[in-house]
Amino acid sequence: MSSLVAEPLDHPIGRVVEQLDAALDDAEGLSLLGLDQATTAGALSVLTALESRLVELEHRVLAHAGEVVVADTTGAVQTSAWLAGTARLTRAEARRRVWLAHALERYEVLRAAFADGAVNREQAPVIAGALDDLPDDLDADLVEKAERFLVEQAALHDARDLRVMGRHLLEVIDPERGEAEAAKKLEAEEEQAAQRARLTMSDDGHGTVFGRFQLPVLHGAMLRKALDAILAPGHWNSEGHEPKANLTTPQQNGEAFCELLETLAERDLPTTGGLGATVVVTMTLDALRGGLTEAVLDTGDRLSAATARRLACEANLVPVVLDGDGIPLDLGRGQRLYSKGQRLVLAVRDRHCTAEGCETPAHRCQAHHDTPWSHGGPTDLADGRLLCWRHHRMVHDPHWNSTIARTGPPGAASTIRFTRRN
């Protein structure tokens with residue numbers, strides 16, 4: 001490999017650059033055959049430290065580049081623009097390097113640790129950024145104390161941990177002021193987060209709604225907790241369907257989010273126009289009893305008949321059933337959903353989802369009519385059972401057969417076995 005130094009550099013730093021260039025030329029042709037495990041580990045450790053030392057030297061020279069106005073050599077407006085052009089860097093990366101170069105001039109302890117290889121190239125900008133974020137009126141001795149603290153922690157923690165420490169740096173060096181500043185900063189962050197909260201949804205016209213959201217950390221934690229509860233081990237463990245392990249994490253979260261929305265209690269939502277925030281599903285009597293005619297939501301969106309029948313079992317929606325002439329029917333039965341008392345009895349009797357092999361606990365299950373409500377099935381205990389959200393979907397899914405297996409003494413819970421239809 002040819003040398004990167006085209007002409008001798010008339011300065012001690014130039015001789016260092018030439019020596020580095022020559023040493024790397026020598027390394028280029030070296031074979032790694034015979035390099036054992038211990039030597040490999042030792043070489044990598046030293047090379048990582050050498051990288052930090054070289055990067056510190058680069059930034060020291062870069063800071064000097066501003067003093068000698070190196071940008072004039074190409075007619076650039078500023079050092080970062082010159083660096084971006086000559087080193088083929090993005091403008092953003094060039095600006096970050098110039099910023100760090102000047103930050104290392106301000107923080108001598110950090111620069112020295114960087115030059116010794118005790119701080120690496122990931123850690124150095126994190127430490128400098130945390131120091132820059134300290135209050136401008138802080139005493140110089142406290143700033144130095146903060147600097148030494150983070151440099152010491154760099155021997156034990158990576159850049160990610162240092163970033164967390166940096167957010168609480170003032171609390172370490174000046175606990176009283178740090179606590180007050182942290183409280184003030186937290187309040188400001190929460191107010192900004194509330195103002196930035198956003199949710200957008202778009203219908204792709206093919207049965208899917210997609211969107212983006214931005215939430216304060218509190219509400220993000222609440223959503224995560226709710227999804228984690230639904231995704232808890234054992235919640236979807238069952239036979240007769242693909243195991244949860246086959247789903248990617250986004251898919252698992254998506255199914256859990258759907259279950260969360262379907263199981264929101266109407267009483268937990270505000271009323272609109274004097275009515276609860278309840279979805280109204282309109283379908284024909286034939287569809288409710290097993291036909292294939294689609295159902296229609298009050299939003300104008302359409303559902304398959306199978307999904308509408310499943311929702312009619314448990315979900316907080318109002319089924320409006322039409323006869324052949326499109327006239328709403330009164331099916332003559334007062335109660336469609338199981339009452340709280342009935343749910344408690346089902347929980348005691350069934351203990352968990354009654355699908356074969358599923359142990360999803362009772363409090364995460366839905367009440368299902370063995371004889372469909374649309375076929376005259378009564379909302380009573382003898383005809384009811386608990387099914388988890390996933391198995392409740394399957395029992396109404398035309399791609400699955402479900403068979404009730406009566407086991408145990410009279411009155412005890414029975415199980416449902418699922419087999420996929422051909």
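This report covers the overall make-up of a predicted model, then a helix pair, a serine site and the cysteines.

## Overall make-up

The chain has 422 residues, and 33% of them count as buried. Its secondary structure consists of 16 helices and ten strands.

Contacts were also sorted by sequence separation. Taking contacts between residues at least 6 apart in sequence, 53% join residues at least 24 apart.

## Packing of H6 and H7

Helix H6 spans residues 123–132 and helix H7 spans residues 140–153. The two helices pack with their axes 10 Å apart, at an angle of about 155 degrees. Angles over 145 degrees count as roughly antiparallel, and H6 and H7 are therefore roughly antiparallel to each other. The crossing of the two helices is right-handed.

On the H6 side, the contact is made by Ile127, Ala130 and Leu131. On the H7 side, these residues meet Val143, Ala146, Glu147, Leu150 and Val151. By residue class, the contact of H6 with H7 holds seven nonpolar residues, one charged residue and no polar ones.

## Surroundings of Ser80

Ser80 lies in helix H3, which covers residues 79–87. Is this serine buried or exposed? Its relative accessibility is 8%, so Ser80 counts as buried, the cut-off for that class being under 20%.

Leaving aside residues up to four places away in sequence, Ser80 is in contact with Ala94, Arg95 and Val98.

## Cysteines and disulfides

How many disulfides does the structure hold? The count is zero. The pair Cys353 and Cys358 shows why a bond is not assigned there: the closest cysteine sulfur to that of Cys353 belongs to Cys358, at 3.8 Å, which is too far for a bond. Seen from the other side, the sulfur of Cys358 has that of Cys353 as its closest cysteine sulfur, again at 3.8 Å and too far for a bond. The criterion applied is a pair of cysteine sulfur atoms within 2.5 Å, so the 3.8 Å separation of Cys353 and Cys358 does not meet it.

Both cysteines of this pair fall in the buried class. Cys353 has a relative accessible area of 1%, and Cys358 has a relative accessibility of 2%. In this predicted model, Cys353 and Cys358 are thus a buried pair without a disulfide.

How values were computed
Residues are numbered from 1 along each chain as its sequence is written. This is a predicted model: local features need pLDDT of at least 70, side-chain atom pairs count only at pLDDT 80 or more; totals for chains, interfaces and linings use all residues. Side-chain values use heavy atoms; hydrogens and water are left out. Buried means under 20% relative accessible area, exposed over 50%, partly exposed in between (1.4 Å probe, protein chains only). Axes are lines fitted to C-alpha atoms, for helices over the stretch in contact, and angles run from 0 to 180 degrees between N-to-C directions. Helices (H or I, at least four residues) and strands (E, at least two) are DSSP runs, numbered from the N terminus. Angles under 35 degrees count as roughly parallel, over 145 as roughly antiparallel, 65 to 115 as roughly perpendicular and the rest as oblique. A crossing is left-handed if the near helix is turned anticlockwise from the far one by less than a right angle, and right-handed if clockwise. Contact means heavy atoms within 4.5 Å. Ala, Val, Leu, Ile, Met, Phe, Trp, Tyr, Cys and Pro count as nonpolar, Asp, Glu, Lys and Arg as charged, and the others, Gly among them, as polar.
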